[in-house]
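The following report describes selected local features of the structure shown below, with the cut-offs behind each term stated where the term is introduced.

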Amino acid sequence: VAAAPFHMWAPDVYEGAPTPITGFMATAVKAAAFASLFRIWLEAFPEMYRGWHFAVWWLAMITMIAGNLIALQQRNIKRLLAYSSIAHAGYVLVALTVGVPGYVMGASAFLFYLMAYTLATMGAFAVIVAVGSAGEPNLRVEDYNGLWQARPWLALSMAVFMLALLGFPIFGGVGFFAKWYVLQAALQAPSPQTKLAIGLVLTSVVSAGYYLYVVMVMFMKPRPADAPPALALGVLTRTVIAVTVILVLVLGVAPSPLLRWAASGQPVVAPLAPLSPSVGADR
């Protein structure tokens, strides 16, 4: 899941792999890993919640801080999204931290956030594929200068994805509700996680520094004279971008279907085994 301090592999692998593979790793692989982690902790070991809660609390806080602060320094678009995915791993860990066995809202927020993150990240990497060329020489953020002038619909799509990952209201679509849902789950948990909620809000504010920078260069910077000409996009790339943009925006206006899906996907928590007298005495 690339949670700090176990995140060192992610930026180099994301940058070095072909962009379609990077997009797959950042979405499907991460979502599957988190789903497995959630099921193991809440279904297999629900009675150990107090044992792992403290460690996951610190993992969530460190991951949110490290991912966002390091992402501010990135000028390679794939490394920027790699550290962005690390930061989002921290947000998902917040939902995992409050996912107390029997607390429905924690598990629902977890699933809702994973779906919103997957849509926005998949779309963002599809835009990188659309803008790129053979050998991927143009992966700097500055290579997106004036993209609005050459490919308006690609610039608008990338702006939607960046605002969704930021959690911006309205224009960020479902991304705003995803962070809001995790925030509410943290504050309304049986043991409210106020400090984690504050960390989520503050680090989200920090993330505006790099998400909005990408939007700014696309719409406010001039297009370089030596910029490569626009290439024709494949049908699959156009389809992925169009579908993800539509889903991000539509679910931002009407999130109820996704909320119902998240609420119906609760893990079945295993019953707590009775403690033996010796174990009880040790505790």
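Helices (H or I, at least four residues) and strands (E, at least two) are taken as DSSP runs and numbered from the N terminus. The model is predicted, so that local features need pLDDT of at least 70 and side-chain atom pairs count only at pLDDT 80 or more, while totals for chains, interfaces and linings use all residues. Residues are numbered from 1 along each chain as its sequence is written, and side-chain values use heavy atoms, with hydrogens and water left out.

**Thr237 and Thr22**

Thr237 is found in helix H10, which covers residues 235–253. Burial is classed by relative accessible area, where buried means under 20%, exposed means over 50%, and partly exposed lies in between (1.4 Å probe, protein chains only). Thr237 has a relative accessibility of 18% and therefore counts as buried. A contact means heavy atoms within 4.5 Å, and Thr237 touches Ala126, Val129 and Ala130 when residues up to four places away in sequence are not counted. The C-alpha atoms of Thr237 and Val129 are separated by 7.6 Å, although the two residues are 108 residues apart along the chain.

Thr22, which lies in helix H2, is buried at 0% relative accessibility. With residues up to four places away in sequence again not counted, Thr22 touches Val13, Tyr14, Ala17, Lys78 and Phe125. The side chain of Thr22 also reaches the backbone oxygen of Ala17 at 3.3 Å; a polar contact is a pair of N or O atoms within 3.5 Å, where within protein one must be able to donate a hydrogen and the other to accept it, and residues adjacent in sequence count only if both atoms are side-chain atoms.

**Salt bridges**

Side chains of opposite charge can pair when their charged atoms come close. A salt bridge is here a side-chain nitrogen of Lys or Arg within 4 Å of a carboxyl oxygen of Asp or Glu, and by this rule the count comes to four salt bridges. The table lists some of them, including their closest N to O distances.

| Pair | Closest N to O distance |
|---|---|
| Arg79 and Asp12 | 2.9 Å |
| Glu15 and Arg79 | 2.9 Å |
| Asp143 and Arg140 | 3.0 Å |

Arg79 forms a salt bridge with Asp12. Arg79 lies in helix H4 (residues 77–97) and Asp12 in helix H1, so this pair ties together parts that are 67 residues apart in sequence. Glu15 forms a salt bridge with Arg79 as well. Because Glu15 lies in helix H1 and Arg79 in helix H4, the pair ties together parts that are 64 residues apart in sequence. Asp12, Glu15 and Arg79 are thus linked in a network of salt bridges. Within this network, Arg79 counts as buried at 18% relative accessibility, whereas Glu15 counts as partly exposed at 30%. Asp143, which pairs with Arg140, counts as buried at 18% relative accessibility.

**Nonpolar core and surface patch**

A nonpolar core is a set of buried Ala, Val, Leu, Ile, Met, Phe, Trp, Tyr and Cys residues joined through side-chain atoms within 4.5 Å. The largest such core has 92 residues, of which Met158, Met162 and Met218 touch the most other members. Helix H5 (residues 104–131) contributes the largest share of this core, with 18 residues. Leaving aside neighbours within four places in sequence, Met162 is in contact with Leu81, Ala124, Tyr211, Val214 and Val215.

On the surface, Ile40, Phe45 and Met48 form a nonpolar patch with about 270 Å² of accessible area together. Patches are made of residues with over 30% relative accessible area and no salt bridge, with like charges joined within 9 Å and nonpolar side chains (Val, Leu, Ile, Met, Phe, Trp, Tyr) within 5 Å; accessible areas come from the Shrake-Rupley method with a 1.4 Å probe, and for residues only the protein chains shown count as cover. Met48 is placed in the loop between helix H2 (19–44) and helix H3 (49–71), and is partly exposed with a relative accessible area of 42%.

**Backbone geometry**

The peptide bond from Ala4 to Pro5 is cis, with omega near 5°, and Pro5 lies in the segment before helix H1 (9–16). Ala2, also placed in the segment before H1, has a phi near 60°, a positive value in a residue other than glycine, and is buried with a relative accessible area of 3%. Ile170 has a positive phi of about 65° although it is not a glycine; Ile170 is found in the loop between helix H7 (152–166) and helix H8 (174–187) and is exposed, with a relative accessible area of 72%.
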